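The following exercises practise the reading of a protein model. Each task is followed by a solution in steps.

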Amino acid sequence: MKIAVAAESDKAEPRVAGTPETVKKLIGLGAEVAVEPGAGLKSGVSDADYQAAGATVSKDAVRDADIVLRVRRPRADEIIDYKQGAIVVALMDPYGNDAALKALANAGVTGFAMELMPRITRAQSMDVLSSQANLAGYRAVIDAAAEYGRALPMMMTPAGTVPAAKAFIMGVGVAGLQAIATARRLGAIVTATDVRPAVKEQVQSLGAKFIAVEDEEFKQAETAGGYAKEMSKDYQAKQAALVAEHIKKQDIVITTALIPGRPAPKLVSAEMVASMRPGSVIVDLAVERGGNVEGAKPGEVVTVDGIKIVGHLNVPGRLAASSSALYAKNLLTFLESLIDKKEKKLAINWDDEIVKGTLLTRDGKVVHPNFQPKA
């Protein structure tokens, strides 16, 4: 069983799919591990570190690999080097990329998309969306603090008192919860909003105040799976009015609302941006999917009448060493579920819920029911 850790071809991707720690454990499972040269450099891992963990470093690492580990989906010109039937595990970004999925299928590789991991208890340790969103929420606050021209905590000095910054987190998923915790640790006064009533207690448990129109519709605003329901136009109008009034008084706003496979919902209008004080900062974590904030630009920090709108791409990649460590651990746990530990060989149960949920391509076809080619 040969496993390869590929170097990312995208220059904007500093993460890596394997670390010396996970390499050691993969070898313990009976695998031979090869790493492409320089794969971990941007994450602070040298080729010598991989060799010390027992891996070989070779530019031909992927050519005869049974399993190829990546952060991002391989390009069509890269898959040519993969052997027929090789398993490729990566963030495949399948939504709206039909041609790329077809190329993956045509190459005869078995592709697993880690972002499609089922949200079940057994798969929590494999949930790459959560592990990466957690770091994105932390980094969003650090980026906001870096752009904000004042201190975040209240400071009482002989020269006078510096008031605490007010931070508003919009969307209380994994990223939002970490943003709340980080902003609180840095001394900001934190408020947060979400349309799911169940998160109110989580927000309050972190020392933040919950902001929402709490009417009867709000109390029913969650699906059985824990996701937000589509709210009525009337509720949306009431919530928008409340948020608009609240944003005027904020120094930092962080938006985290993202729905897989759909454009990011617009939460902050140009009028809301204009209502904020000069020097305020907005961080849009959904900018890669169209953004939550009107005026946000992917990969840029835009200044509108003194208000900064931060639209960094690949925010987890801005903490490459930490995000790589967590991502590589997610992949390791996933692979452990595919390997017979006694026989030390691949033993995939194709009926397993985790396998069926993440399997994207197999035997020359796109097999995931959500991404079947349209007739």
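**Exercise 1. The chain as a whole**

Among contacts in the protein chain between residues at least 6 apart in sequence, what percentage join residues at least 24 apart? State also the helices and strands of the chain, its compactness and its burial.

*Solution.*

Step 1. The model under study is a predicted one. Of the contacts between residues at least 6 apart in sequence, 63% join residues at least 24 apart.

Step 2. The protein chain holds 12 helices and 19 strands. Its radius of gyration is 22 Å, close to the 21 Å given by the globule rule for 375 residues, so the chain is as compact as a globular protein of that length.

Step 3. The C-alpha trace spans about 65 × 55 × 35 Å along its principal axes.

Step 4. Of the 375 residues, 48% count as buried.

**Exercise 2. Helices H1 and H11**

Describe how H1 and H11 pack, and which residues of H1 meet which residues of H11.

*Solution.*

Step 1. Two packed helices are described by the angle between their axes and the distance between the axes. Helix H1 covers residues 20–28 and helix H11 covers residues 320–336; they pack at an angle of about 10 degrees, and their axes are 9 Å apart.

Step 2. Angles under 35 degrees count as roughly parallel. H1 and H11 are therefore roughly parallel to each other.

Step 3. The crossing of these two helices, H1 and H11, is left-handed.

Step 4. From H1, the residues Glu-21, Thr-22, Lys-25 and Leu-26 meet Ala-328, Lys-329, Leu-332 and Leu-335 of H11. Sorted by class, the contact of H1 with H11 has four nonpolar, one polar and three charged residues.

**Exercise 3. Helices H5 and H11**

Are H5 and H11 roughly parallel or roughly antiparallel to each other? Give the handedness of the crossing and the residues in contact.

*Solution.*

Step 1. The axes of H5 and H11 come within 9 Å and cross at roughly 170 degrees.

Step 2. Angles over 145 degrees count as roughly antiparallel. H5 and H11 are therefore roughly antiparallel to each other.

Step 3. H5 passes H11 in a right-handed crossing.

Step 4. Val-128, Ser-131, Gln-132 and Leu-135 of H5 meet Ser-322, Ser-323, Leu-326, Tyr-327 and Asn-330 of H11. The residues of this contact between H5 and H11 divide into four nonpolar, five polar and no charged.

**Exercise 4. Helices H5 and H6**

At roughly what angle do the axes of H5 and H6 cross, and which residues make the contact?

*Solution.*

Step 1. Helix H5 (residues 128–147) and helix H6 (residues 174–185) have axes that come within 7 Å and cross at roughly 35 degrees.

Step 2. H5 passes H6 in a right-handed crossing.

Step 3. H5 contributes Ser-130, Ala-133, Asn-134, Gly-137, Tyr-138, Val-141 and Ile-142 to the contact, and H6 contributes Val-174, Ala-175, Gln-178, Ala-179, Thr-182 and Ala-183.

Step 4. By class, the contact of H5 with H6 has eight nonpolar, five polar and no charged residues.

**Exercise 5. Two residues with positive phi**

Is Asp-305 buried or exposed, and is Asn-314 buried or exposed? Give the phi and the place of each residue.

*Solution.*

Step 1. Most residues other than glycine have a negative phi. Asp-305, a residue other than glycine, has a positive phi near 50 degrees. Asn-314 is not a glycine either, and its phi is positive, about 45 degrees.

Step 2. Asp-305 lies in the loop between strand E14 (301–304) and strand E15 (307–310). Asn-314 lies in the loop between E15 and H11.

Step 3. Residues over 50% relative accessible area count as exposed, and those under 20% as buried. At 66% relative accessibility, Asp-305 is therefore exposed. With a relative accessible area of 7%, Asn-314 is buried.

**Exercise 6. Two alanines and their surroundings**

Where does Ala-165 lie, and which residues does Ala-165 touch? Describe Ala-76 as well.

*Solution.*

Step 1. Ala-165 is placed in the loop between strand E8 (160–162) and strand E9 (166–170). Ala-165 is buried, with a relative accessible area of 1%.

Step 2. Leaving aside residues up to four places away in sequence, Ala-165 touches Tyr-148, Ala-151, Leu-152, Ala-188, Ile-189 and Asp-251. Ala-165 and Ile-189 are 24 residues apart along the chain, and their C-alpha atoms are separated by 6.1 Å.

Step 3. Ala-76 lies in helix H3 (residues 76–79). Ala-76 is exposed, with a relative accessible area of 51%.

Step 4. Ala-76 and Leu-104 are 28 residues apart in sequence, while from C-alpha to C-alpha they are 7.2 Å apart in space.

Definitions and conventions: Residues are numbered from 1 along each chain as its sequence is written. This is a predicted model: local features need pLDDT of at least 70, side-chain atom pairs count only at pLDDT 80 or more; totals for chains, interfaces and linings use all residues. Side-chain values use heavy atoms; hydrogens and water are left out. Axes are lines fitted to C-alpha atoms, for helices over the stretch in contact, and angles run from 0 to 180 degrees between N-to-C directions. Helices (H or I, at least four residues) and strands (E, at least two) are DSSP runs, numbered from the N terminus. Angles under 35 degrees count as roughly parallel, over 145 as roughly antiparallel, 65 to 115 as roughly perpendicular and the rest as oblique. A crossing is left-handed if the near helix is turned anticlockwise from the far one by less than a right angle, and right-handed if clockwise. Contact means heavy atoms within 4.5 Å. Ala, Val, Leu, Ile, Met, Phe, Trp, Tyr, Cys and Pro count as nonpolar, Asp, Glu, Lys and Arg as charged, and the others, Gly among them, as polar. The radius of gyration is taken over C-alpha atoms; the globule rule is 2.2 Å times the number of residues to the power 0.38. Buried means under 20% relative accessible area, exposed over 50%, partly exposed in between (1.4 Å probe, protein chains only).
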